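I opened the notebook to log a few look-ups. Helix packing comes first, then overall build, then cysteines.

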Amino acid sequence: MKRRSKQPERSFPFLTINEREGKPRESGLTEIRGPYYSVVGRRYLEDLFETMGAYVDSLKFAGGSFTLMPEQAVRDIIELCHKHDVLVSTGGFIERVLAQGHHAAQKYVAECKKLGFDTIEISAGFISISTDDWARLIELVRKSGLKAKPEVGIQFGAGGATAPAELQAEGTRDPNWAIAQAKRFLDAGADIIMIESEGITENVDPWRTDVPAKFINELGMEKLMFEAADPDVFAWYIKNYGADVNLFVDHSQIVQLECLRAGIWGTKSLWGRVVTYKE
């Protein structure tokens, strides 16, 4: 049985909020994006974790940013995250590695293990790969002692800030097929499934709100994490699925998101309406 960390005493303890469980949590997970759109290093993260670390469950490098950094800088970030009970994920960079052959993929997984990563995200936004091969990658990651987090979505060409017109030209896949893939990946040992936002709540009008509902109905919320790196999007998820929905946001949004989860602040439609009931 995993021992949960005790939540640090917050200021203004006499004010009632939606209290959070200690880490490791099983629901209400928050993953933050690390280096990509802006530089995020150890000193920045020290401030972030000192103030909001209790609410961050994992940090994800994006766009393969760690491959541009000095090795010691990557190690320092990972060690700092672990000091604050924050897991560290690679992001979906493995699809770039796969283009260099299976030996490169094996070396990549081994190097991630050596540097101290906890999770390898496995995405296929820009490549075509069979479900069987995807499952074999999950097995490789698990045998290496790391967590596997496949990223599943309905938009072809998702990722890398592709222009909306290009994505529209690519088209989308059947949500039922994406759900079937997610089920297969969980059966193969994936810890949790990341749901790609493009085609659902990003670069699409109107939003495909039916898609998250289908995933949740089929798989339940605990095994799903929704990409929601836009305030309107994570507010929508909390409004519709409650404070304990698992979300991936930008590092700059952690305070705003947690204010919504706690029920202490919000937009007009959420003000004072986000509540929880726990024994």
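Which residues in α7 meet which in α8? I listed Pro175, Asn176, Ala178, Ile179, Ala182, Lys183 and Leu186 in α7, against Val211, Lys214, Phe215, Glu218 and Leu219 in α8. Contact here means heavy atoms within 4.5 Å. The residues of this contact divide into eight nonpolar, one polar and three charged. Nonpolar covers Ala, Val, Leu, Ile, Met, Phe, Trp, Tyr, Cys and Pro; charged covers Asp, Glu, Lys and Arg; the others, Gly among them, are polar.

A note on the source: this is a predicted model, where local features need pLDDT of at least 70, side-chain atom pairs count only at pLDDT 80 or more, and totals for chains, interfaces and linings use all residues. Residues are numbered from 1 along each chain as its sequence is written, and side-chain values use heavy atoms, without hydrogens and water.

Next I checked the chain. I found 10 helices and eight strands (DSSP runs: H or I, at least four residues, for helices; E, at least two, for strands; numbered from the N terminus). The C-alpha atoms fill a box of roughly 55 × 45 × 35 Å along the principal axes. Of the 279 residues, 47% are buried (under 20% relative accessible area, 1.4 Å probe, protein chains only).

Last, cysteines. I found zero disulfides (pairs of cysteine sulfur atoms within 2.5 Å). Why is Cys81 unbonded? The closest cysteine sulfur, in Cys112, is 14 Å from the sulfur of Cys81, too far for a bond. Cys81 is also buried, at 0% relative accessibility.

Technical notes. Buried means under 20% relative accessible area, exposed over 50%, partly exposed in between (1.4 Å probe, protein chains only).
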